[in-house]
Amino acid sequence: MKIQRAAIGFAILFLVSLTACDVISNNTPTLPPATPTRPAASPTTVAMATSPTVAAAAATATTNSVAPTSTPVMLDLPTVTPAPPTAAPSSSATDTPASAPNTTPTTGRVSASSSKLIFYLGSDGIIYTVKPDGSNKQPLLKIDIPAGQDVAGMSASVDGKFLAYKLVDTATYEDASYYLVSNGKASKLDGVASLPVWYGHRFVASGSVGEGGTPGDLAVYNADAAGGPSGAGLGVQGSNLAWYPDGSNILYLDALDNIYSIGTNPPPYGNYTGTLVLHLNDKPADNNPDFFGAMFAAVTPDGKTLVFGGEQIKNVGASGNGQRLWMYDLSKGPGKALAAAQSFTDFGGRYGSNNYGFANMNTLVVASDFHISACAVGSAIDVLGIGNAVTATVALPGQQGDSNARLYGLSVAPANPNHPSSTFAYSLDNYTCANAGTGPTVTLAATVYVWSGGQSSKVAAGRYPLWADTSIAVAPAPTPIPGESNPPTATPQSYTPGPTFGSGELIFYLASDGQTIDTMKPDGSDAGKLVIKVDRQPGEIITGLSASKDGKYLVYNLTLTSGTYDVTDYYLVAGGKATKLSGIGKPPVWFANYFVAAAPTSSNASEATEIYRIFPASANDPANFMVDSGVTGTLYTLFPDGTQLVYVDASGNIMALGLSHMTEHKPYTLVSLNPTAKQGDADFFEVAWLNFAPDGTLVFAGGKQSDLGPFGTGAKVWIHKLSANSADPPQPLSDTGRYDDYDFIGQTALVVNSAEHGGVCGSIPHLKTLDFSTQSVSENPIPGSSPDRRYTIYGLSGAPFNANRTSYAYSAEPYTCGSDNTAKGNGTSSIYVWTSANSAPSTKIGEGRFPVWVDTKLLTPHLSTAYTRSGCASLIGVNSAATVNASPPRPIASRIGCAP
């Protein structure tokens, strides 16, 4: 099973009815009356629990190289509801708990400082500030906590100017909401589904969790923005977030707990395709004892080392005990496996997603817990040198004998990264399990302590301490690069920018309403530019789009489902108007501004009687301006230079017909696939599709009928070099599959949808890049895909050729398989862009179907006129792809369907 991360803090977990457990869930594990000791690992399958309290900042190397101001920064964290007059400031020295702890904490205190403050949440719902020595307690704001809810965590910017908190429903532990307090107001953070993680005045957070628990979309926000925080989506999904020490990248875990980084400096001009830092898993945790559950990951303040906590399922106990801390030298480069990392602690307890911090360049402070019994969980805080064993174990007040401790947050003091000592604040309560049947009995309410010089000092009664230093000057968010278009202010769901593309590049797509055809840029900006709104009749749906590569002409397929069959009509769009193409029975294949398509077949005709027709899209009435090729078959395409028609004839062989006046006008065999076999024979080779790559390589999919399964599986992709000896057979490029869709990217690469039959609930798509120059195959994962979350692909389109980049767009709609084996979709199709310039995975750029990538700056050849003469057709076009960028194009006479 998937190693789970607890989503609620220990304070909320305490409210759960505690039951005996043998597997840890997202609810609080219940624990023992015995003196807590850290158990050794037991090799049983587990779902790991965590200690999900919040540290103030994952990376403390903020921009404190900037000279601090001469006076402390004023805190502008006003009250949401004014604090009651009775909540007067008081010294923590007079705070008397309802029940004294079993041990008296040491009395060592850090010195007072006018700039150093600790925020914390009091039991009265008021957020207070207090100095680290426990003096000058001040009420800051009162949170208006609705009935049935509670604060489950807080985070703050390092200078204390901004603070965020999280509210949860204590009955369901769901429907968490997040609030940002600044400039005298508290605002709900719409679209945010995780507690902000800060770098200066920027923070990163994730959006709503997807179906099956897949991580939400990530976005970076600038809290200083005028009018409230503004955010830009990063186009990836992840959890357990942390900043690199220089703020240029963010670390995150994907749906399989692999560790990725993504550029954010400055949004949106970083690397917007995640970089795989450490590859931990290939498949989900279910029935996978080798699955590594990563509970947190961070980069050391010097930027040299990745530190993470977690363990393989086979090495942990049934309650999650037995995790370790690991380190990985980042100089080894990205994409390495777990074997390249090394553990630097023994098997121990369980780590939380945010209970850690760096005290200096070489020291990590980390909290963990460990399951003891059905009533008790023990807690621990360790101080470690990076790569070394534990250097100090904090003696937690009250955790001895029959008393246990629960942690409510850990926050390291902001300091010079070279500071020699470790200083941090933490909060815990004490409880006993004298009567396990009634659950824990609290003996000391949650209390904030400061640990420094090897001693813990009581500071105040409360939870979620956040250590801030108002003298730290925080640099503003990076300024966008001059001359670049800036992204709109948006929530993560509405805009996820991608890489930079050419100024003329556009993507046509069918909008979510199912009848509006719009354009957007490949980075997701300028979406919703109307091309045409289709006037559909009841029962008609748009089932496909195609276009000339310069985007001047577009064809859409309009399908009417009637009884047991579908009727599809095709419409040509030019200048905002649509014209029905009455001579088309199959989707068009484009070259420049003309296309080839099959004529409709009669109801009693076999599939192999389609007549191929040439249409010049530039004609005033394309429906009446077509030329029959004089040949029939089942599939068709054009040479890359447009000079020859290639098709599959009735015998299943690949044929060619020259369109140039330089070529004899008789079909000839290009590839002999079935010299003797006939349709129905076991050896008959059936072609699924065929086309030419830009370099002239013939590529087709198919296989012998004896190899093809009932759902089309068993096919392969084949290549045939035209320069090779005609007797040389085509070469297989891929393994077997069902190749439903394809397009070319670059000169020598192909992207395919290799669908896997998934049973009665549908198929499972696999997007693969096939490079026929290197004979290599690589898979490009669909974001969020898993065995429980499948996708339907609605269109695949390669970018117009660019020698420096290979890219494509596709549309995917998620669905799940119900217990009755029926597909249950959410009705939302998203458009993604993949580009080799940034490596996999894909970037979500918007919502819709049937993306078609064009470049309006392409200079394309054109078809100027056509006429018939004595049963022959003559076309004026171009003879070579080399003339595509010529101005004007060089015309030649082309004759179709004539005798030689």
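## Terms and model

A residue is called buried when its relative accessible area is under 20%, exposed when that value is over 50%, and partly exposed in between. The structure discussed here is a predicted model, and the residues below are described with these words.

## Salt bridges across the chain

The count of salt bridges in the model comes to ten, and three of the pairs are described here. Lysine 161 forms a salt bridge with aspartate 224, with the closest N and O atoms 3.7 Å apart. Because lysine 161 lies in the loop between E4 and strand E5 (163-169), and aspartate 224 in the loop between strand E10 (217-222) and strand E11 (230-237), the pair ties together parts that are 63 residues apart in sequence. With a relative accessibility of 23%, lysine 161 counts as partly exposed, and aspartate 224, with a relative accessible area of 34%, is partly exposed as well.

Aspartate 150 forms a salt bridge with arginine 463, where the closest N and O atoms are 3.4 Å apart. This pair links distant parts of the chain, since aspartate 150 belongs to strand E4 (residues 149-156) and arginine 463 to strand E29 (residues 463-469), 313 residues apart. Aspartate 150 has a relative accessible area of 16% and is therefore buried, while arginine 463, at 12% relative accessibility, also counts as buried. In the salt bridge between arginine 324 and glutamate 311, the closest N and O atoms are 2.8 Å apart; arginine 324 sits in strand E18 (residues 324-329) and glutamate 311 in strand E17 (residues 305-312), 13 residues apart. Arginine 324 counts as buried at 14% relative accessibility, and glutamate 311 is buried with a relative accessible area of 0%.

## A buried aspartate without a salt bridge

Side chains of opposite charge can pair when their charged atoms come close. Aspartate 523, which is placed in the loop between strand E31 (516-520) and strand E32 (529-533), is buried yet has no salt bridge. The nearest side chain of opposite charge is that of lysine 521, which is 6.4 Å away, whereas a salt bridge requires a side-chain nitrogen of Lys or Arg within 4 Å of a carboxyl oxygen of Asp or Glu. The side chain of aspartate 523 does, however, make a polar contact with the side chain of serine 525, at 2.6 Å.

## Strands E57 and E58

Strand E57 (residues 830-835) and strand E58 run antiparallel and are joined by four bridges. Within this pairing, isoleucine 831 stands opposite glycine 846 in E58. Strand E58 (residues 843-847) is largely enclosed by the rest of the structure, because four of its five residues are buried.

## Positive phi values

Asparagine 287 and tyrosine 464 are described together here for their backbone angles. The phi of asparagine 287 is near 55 degrees, a positive value in a residue other than glycine, and asparagine 287 is placed in the loop between strand E15 (275-279) and strand E16 (292-299). At 78% relative accessibility, asparagine 287 counts as exposed.

Tyrosine 464 likewise has a phi near 55 degrees, again a positive value in a residue other than glycine. Tyrosine 464 is found in strand E29, the strand that also holds arginine 463 of the salt bridge with aspartate 150. With a relative accessibility of 2%, tyrosine 464 counts as buried, whereas asparagine 287 counts as exposed.

Definitions and conventions:
Residues are numbered from 1 along each chain as its sequence is written. This is a predicted model: local features need pLDDT of at least 70, side-chain atom pairs count only at pLDDT 80 or more; totals for chains, interfaces and linings use all residues. Side-chain values use heavy atoms; hydrogens and water are left out. Helices (H or I, at least four residues) and strands (E, at least two) are DSSP runs, numbered from the N terminus. Buried means under 20% relative accessible area, exposed over 50%, partly exposed in between (1.4 Å probe, protein chains only). Lys and Arg count as positive and Asp and Glu as negative; His and the chain ends are not counted. A polar contact is a pair of N or O atoms within 3.5 Å; within protein, one must be able to donate a hydrogen and the other to accept it, and residues adjacent in sequence count only if both atoms are side-chain atoms. Two strands pair if DSSP finds at least two bridges between them.
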